[in-house]
Every structure is written in C-alpha cells, then in structure tokens.
Amino acid sequence: MQLTAKPSLNNALLISVRTPEFRGAEAEESLAELARLVTTLGFKVVGTQSQNQSSTKRVNVLGLGKLAEIAQLTGNKGIIEAAEEEEELDYDQDFSTIPSDDLPLACADIVVFDCDLSPSQLRNVENQLGVEVFDRTGVIIEIFSRHARTKTAKLQVEIARLNYVAPRLRETSTGDKEHQMGKGAGETTLELNRRNVRDQLAELKRQLVSVQEEMKGRRTQRSEHFCVALVGYTNAGKSSMMRAITGSEVEGENKLFATLDTTVRALFPVTHPRILVSDTVGFIKKLPHDLVASFHSTLAEAHDASLLLYVVDASDPSFRKQLDVVNEVLEEVGVEGSKKLLILNKSDQLTAEQQAELMVEFPDAMLTSARDPKDVAKLHEYIVGIAEQEMIEEEIIIPYTAKGIVGEIRNSMSVTKEEYEFDHIKLTVRSSAIDLARLKKRMLEK
Ligand SMILES: Nc1nc2c(ncn2[C@@H]2O[C@H](COP(=O)(O)OP(=O)(O)OP(=O)(O)O)[C@@H](O)[C@H]2O)c(=O)[nH]1
Ligand SMILES: [Mg+2]
C-alpha cells in the first residue's frame, strides 16, 4: 500500500468525479491541487479525465463508457464487465486530457481519483483497470509519511496510514512462510495481516502517548513566554515567513506539506523578554480524518499561542476557500488564539491594483511578502506591539547588595528607565505578570 516512485510506475492519470454537489470551478481547482500533490510524490501527471456521477458512493465509481476510455489510456490490463445500468449525466463538460510533452497517454500506470474511494470501490476499479489506483486520502497520507521527520510526526502519520491501510488489505494468494508463521488456527493470511496491523497500531499509540507527555513538559516550560503561531494552508509561505522573522534556517519548499512538525524559534532581532514563534503543519481540503486527529498534538503549540498569524497565499485565486478550510480544521482541533492576524502573503505576485482591492476586502489584514525585508520588519514590529500590550509596567527597587540580579532582569525583561539612588537602583520594567511575580518572589528570598 506504499506508493513508490519507481521509474516503471511514474505516470499518473488523474480522475475527477463530478457530482451535482462537486463540479465546475471547485472541481477544477481541486483537480489542479491533486496534480500538485501527485507531483510532490515524484509522479508525472500525463492526463486528466472527468466522470459525471450522481454521487461518489456508487459501487462502480466509473461508468462503462468512461471505464473503457480510461482502460485504453492505461493499456487495457483489467477486466471490464457490463454491470449496472448507467445514467447519462451531462451537467459538467468533460475534461480535456492534458497531453504530456513526450509520453503518449497510453503509458499511464497509476490512476488517482480526486475523491475518497471506499475499499470496495477501490478494489473494483483496480480490477477493472488492472493498474494501481489511489484516492486523494491515500496520496495525502503517503506525502505525510514521506515528510515526517520527528518521532511524534512519524508515529502520528504511521497510525493514520495503518488505519487507512487496514480495511484495504487483500487476501494474498502466496503461501509465504513468513506470513504463515504466527498464524492462529483457522486464521487466513488476511486475518493474520489485519491482526498484525491491530497489534502495530496498539504499540504505536502507546509510544505516542509517552512522546506526547514529554512534549507537554517542554511546552509548559515555554508557556511563560509570549507565543506566536503561524497557521495556514499548505504552501502559503508559513515556513518562509518563520525563517524571515526569526532569522533561522527553517525549511521552506515549493512542495506541499513541506513542514509536518512544529518548530519553535525566538523572534529575531531578539526581544526582552523573548517572543517565541512556532511554525505548524499546513492544511488541505478534504483532509483525512485521522490526520486531523493527529494535528491535535502537532498543533498544541498553536493552542497555547497568544497570537495566531493566519498566513494565506494571496496570489492563489482560491485562497478564500483555503482560509475556510484552515478555520474549519482549527475549530475541529479546538484552537482559538486570543488574538488573530490575517497575513495576505506573496503580495509580490500581485499588482498594485489587486493589493488595493484586497485591503478593501480585508481591512484588518496585513499584506506581506516573505521576500521583502520591509514587510518582515513590519510584521516583527506588529508582533512586538501585541506582546507589549500583554505586559505590565512596574518599578523594582534593587539594593546595591543584590545588584547581580540586574543583568538577569535586562536579559528577560524590557527595562524602560534606570535610576541610581543612594542605596539602591530603581528600574522601571515591562514584563509579563508571571515573570514579574517570579522575580519579586526571588528577591524576597534573597
Ligand atoms: N513569491 C513569493 N513566494 C513565496 C513567498 N513566501 C513563500 N513563498 C514560496 O512559496 C513556497 C511555499 O513556501 P513555504 O514557506 O514552504 O510554505 P508553507 O506554508 O510552510 O508550506 P507547508 O509546509 O507545506 O505547509 C516556497 O516555494 C516559497 O519560496 C512570498 O512572499 N512570495
Ligand atoms: Mg512549511
């Protein structure tokens, strides 16, 4: 069930199933996104086809006519039998296939549907076409599998992958000795495989709980800082913006789901107290449910953030819908930052007129380009401004006998005034209430 970019398995034919609820521009945008997902996996998209259906739930997701057409494009390797009566639906124009530069369409060797297929739908169409078939969820899970780097991300994605794979496991005809080994009485290879998957899932979940406990501890340490989280659709430019405002080397790539783990860095130029910024996983529409669940912990940073920066790629015509998806997922995982800022990114790709229109439509948003240092400085200033609103100002009297603490205060708080008196130093500081309370407690103990 793993997609592998073998040279012999490289050419993908994409299929859009149009229904009365899912058609027109929405279906086209979604298909274009699927093409980017498939390309991210290293496949070449050699064509697209569309099929009008009353729903995506029919046992045979493709009608006989379309099936025959697609079978030709995939080398007629399967078995097509006349089955149910077909309805003629013509509410959406058929897609023109995208011819590839150098390959004839007939060499498509995998077929990818831009919808979710049930295990039996997938099995039927695979038998009918005789080539490997994937659905949207399968592709997304595979990308997540490949991009997961940290232990937590790997565990979460593997759990989602196994949950996806389990109902799609088939009976293997091989009498493979290895597979036969731990097999219980009367248990088929399929049952054995399913049992293995269940055991693996239980073990992975156990490991995940222990890793999450560890992460929680680290988050508690950070919770005393003002935290900002970048959230948004995949490829919006979150990591690029993160890199720009923290001066760090966070990976930003033109591929979907480049970031799967939350990365935390301090805002740069450094502030006193430090402000922490976290980059998070990107979203996509029709996100597999298990993956949404796995975001609960990946997005824990956003959970604790005092400021949420919603980054959108304003140069993408579908960014409004993408923003809806982001809001839906965040709501589902229960993230509600106390403050939010919409960042209309990639403004360098927009004309002055488009920029002006966007500012009328989103008057509270900030128009930025992660590539423009002026915009990066503007965002930095905004974040510092918001963090300062949360701070309180207080005067602290430090006797000269305890002046060692002054250096510490300068490192962790913003000192706005210093007065040197006869027997003490009077500092006016701005800081978080927690830090101030802690400082006073320590001074009393001294
Ligand atoms: N022109 C332009 N390109 C940008 C800008 N910001 C980011 N990009 C590009 O957009 C692509 C995606 O950027 P990332 O920063 O990886 O996006 P992301 O939101 O972190 O994506 P995921 O990690 O997949 O969720 C990269 O090729 C960036 O170079 C910008 O302001 N202008
Ligand atoms: Mg990223």
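Of the 446 residues in the chain, 35% count as buried; the model is a predicted one. The secondary structure comes to 15 helices and 13 strands. Contacts reach well along the sequence: taking those between residues at least 6 apart, 70% join residues at least 24 apart.

Two sheets are worth a closer look, and the parallel one comes first here. This open sheet has 4 strands in the order β2-β1-β3-β4, and its pairing is parallel. At the edges stand β2 and β4 (132-134), each with a single partner strand, so each has one side left without a neighbour in the sheet. Ignoring direction, neighbouring strands here are turned by 25 degrees against each other on average. Helix α3 (residues 119-129) packs on this sheet, where it touches β3 (110-113) and β4. The direction of α3 makes about 145 degrees with that of β4.

Zooming in on one edge of that sheet, strand β1 (residues 11-18) is joined to β2 by 8 bridges, with the two strands running parallel. The register can be read off from individual residues: Asn 11 has Lys 44 of β2 as its bridge partner, and Ala 12 stands opposite Val 45, also in β2. Being an edge strand does not leave β2 out in the open. Of the 9 residues in β2 (residues 44-52), 7 are buried, so this strand is largely enclosed by the rest of the structure.

As for helix packing, α1 (residues 24-40) and α4 (residues 136-147) come together with their axes 10 Å apart, at an angle of about 40 degrees. Because of that angle, α1 counts as oblique to α4. The crossing of α1 past α4 is left-handed. On the α1 side, the contact is made by Leu 34, Leu 37, Val 38 and Thr 40, while α4 brings in Arg 136, Val 139, Ile 140 and Ile 143. Sorted by type, the residues of this contact are 6 nonpolar, 1 polar and 1 charged.

The other sheet is found further along the chain. It is open too, but with 3 strands in the order β11-β13-β12 and antiparallel pairing. Its edge strands are β11 (392-399) and β12 (414-420), each of which pairs on one side only. From one strand to the next, the twist averages 20 degrees. Between β12 and β13 (residues 424-431) there are 6 bridges, and these two strands run antiparallel. One of the residues involved is Glu 418, whose bridge partner in β13 is Leu 427. As in sheets generally, strands pair through backbone hydrogen bonds, either parallel or antiparallel.

Ser 414 gives a residue-level view of this region. It belongs to strand β12. With 18 other C-beta atoms within 10 Å, Ser 414 falls short of the 20 needed to be buried, so it is classed as partly exposed. Setting aside neighbours within four places in sequence, the contacts of Ser 414 are His 272, Val 429, Arg 430 and Ser 431. Ser 414 can also be placed relative to Met 391: the two are 23 residues apart in sequence, and their C-alpha atoms are 9.6 Å apart in space.

Terms used: Residues numbered from 1 in each chain as written. Chains lettered and ligands numbered in written order. Predicted model: local features only at pLDDT ≥ 70, side-chain atom pairs only at ≥ 80, totals over all residues. Pairing = 2+ DSSP bridges. Axes fitted to C-alpha atoms, helices over the stretch in contact; angles between N-to-C directions. Parallel < 35°, antiparallel > 145°, perpendicular 65-115°, else oblique. Left-handed = near helix turned anticlockwise from the far one by under 90°. Contact = placed C-beta atoms within 7 Å. Nonpolar A, V, L, I, M, F, W, Y, C, P; charged D, E, K, R; others polar. Buried ≥ 20, exposed ≤ 12 C-beta atoms within 10 Å, placed from the backbone.
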